[in-house]
Amino acid sequence: MGPAALGAAEEAAVGEAAGLVAGGDRLLPRAGGPQGPKSGPSPVDRARPGSKHHVLVDGQGVPLAVSLTGGNRNDVTQLLPLLDKVPPVAGVVGRPRRRPDMLLADRGYDHDKYRRLLWERGIRPVIAERGQPHGSGLGIFRWVVERTISWLHGFRRLRIRWERRDDIHEAFLGLATCLITHRHVQRLC
């Protein structure tokens, strides 16, 4: 082996504890170490951390609010934060609309507590119930959300999460939302 290879081999052999680097008077995790709060064990592949995109759309599939959470988070926990993210909609004279008339969702959002909270906000929940056979008719409307998610994942940086930092991935998510909305508005003009 050449002198450069021997030097590198000696450094690796003497090296540090696995996954840790020297940081002042203690050992700190490497840059590729533990992930942030918006990344967690994937429910599909437990060996890798993953994240989920949660999307709230209007009837045409235009994203109104998006969020990023860890792959192990329950979907229903993001229902109310997504609703709170919806900005006021300007329209007729008077107070601007802040909430929809009804909310359609799949079985992942079926929980009595959240149904009750939606009714209190004046939103009629139309959520498929767990344990009931398919055929509720929600598939007629559910494809709008699935189409928007596929539009988001059409952007390569969102399909597979390459960024370690949550804020960078959320910035790409916001940018993709803006582009989808812009494309939709261009079709109308």
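Which pattern does the protein follow when it is read along the sequence? In this predicted model, the order of elements is α-β-β-β-β-β-α-β-α-β-α-α-α, and the secondary structure comes to six helices and seven strands. The protein has 189 residues, of which 28% are buried, and the points below go from the chain as a whole to its cores, its strands and a few individual residues.

**Confidence and overall measures**

- The mean pLDDT of the protein is 77, and 68% of the residues reach a score of at least 70.
- Among the elements, helix α1 (residues 3-14) has the lowest mean pLDDT, at 50, whereas α3 has the highest, at 92.
- The accessible surface of the protein comes to about 12900 Å², and carbon and sulfur atoms account for 58% of it.
- When contacts between residues at least 6 apart in sequence are considered, 42% of them join residues that are at least 24 apart.

**The nonpolar cores**

- The largest nonpolar core holds 15 residues, and those that touch the most other members are Leu56, Leu79, Leu83, Leu103, Tyr109 and Leu118.
- Two or more residues of this core are given by each of the elements α2, β6 (102-105) and α3 (112-120), and the largest share, four residues, comes from α2.
- Apart from this core lies another one, of 12 residues, which includes Val55, Val57, Ala176 and Ile180.
- Leu118, a member of the largest core, touches Leu79, Leu80, Leu83, Leu103, Ile123, Pro125 and Ile127 when residues up to four places away in sequence are not counted.

**Strands β6 and β7**

- Strands β6 and β7 pair in the parallel sense, and the pairing runs over four bridges.
- Within this pairing, Leu103 stands opposite Pro125 in β7, and Ala105 stands opposite Ile127 in β7.
- In a regular strand the side chains alternate between the two faces of the sheet.
- Strand β6 shows such an alternation, with Leu103 and Ala105 pointing to one face and buried, while Met102 and Leu104 point to the other face and are not buried.
- Strand β7 (residues 124-127) likewise has a covered face, formed by Pro125 and Ile127, and an uncovered face, formed by Arg124 and Val126.

**Helix α6 and its contact with the β4-β5 loop**

- Helix α6 (residues 166-188) has 23 residues and reaches 33 Å from its first C-alpha to its last, which is close to the 33 Å expected at 1.5 Å a residue.
- The buried residues of α6 are Asp166, His169, Leu173, Ala176, Thr177, Ile180 and His184.
- An α-helix has 3.6 residues a turn, so residues three or four places apart point the same way.
- His184 lies in helix α6 and counts as buried because its relative accessible area, 13%, is under the 20% cut-off.
- Leaving out residues up to four places away in sequence, His184 touches Gln60 and Val62.
- Gln60 is placed in the loop between β4 (49-57) and β5 (63-70), and its contacts, with residues up to four places away again not counted, are Val144, Arg147 and His184.
- Although Gln60 and His184 are 124 residues apart in sequence, their C-alpha atoms are 9.0 Å apart in space.

**Helix α2 and the loop before it**

- Leu82 is placed in helix α2, and it counts as buried because its relative accessibility of 6% falls under the 20% cut-off.
- Outside its neighbours within four places in sequence, Leu82 is in contact with His54, Val55, Leu56, Ala65, Val66 and Ser67.
- The C-alpha atoms of Leu82 and Ala65 are separated by 6.0 Å, and the two residues are 17 residues apart along the chain.
- Gln78 is found in the loop between β5 and α2 (79-85), and it is classed as buried because its relative accessible area is 9%, under the cut-off of 20%.
- With neighbours within four places in sequence left aside, Gln78 is in contact with His54, Ser67, Thr69 and Arg73.
- His54 and Ser67 therefore appear among the contacts of Gln78 as well as among those of Leu82.

Definitions and conventions:
Residues numbered from 1 in each chain as written. Predicted model: local features only at pLDDT ≥ 70, side-chain atom pairs only at ≥ 80, totals over all residues. Heavy atoms only, no water. Contact = heavy atoms within 4.5 Å. Buried < 20%, exposed > 50% of the residue type's maximum accessible area, 1.4 Å probe, protein only. Areas by Shrake-Rupley, 256 points an atom, 1.4 Å probe, with all protein chains shown as cover. Core = buried A, V, L, I, M, F, W, Y, C linked by side-chain atoms within 4.5 Å. Expected span 1.5 Å × (residues − 1). pLDDT = per-residue confidence, 0-100. Pairing = 2+ DSSP bridges.
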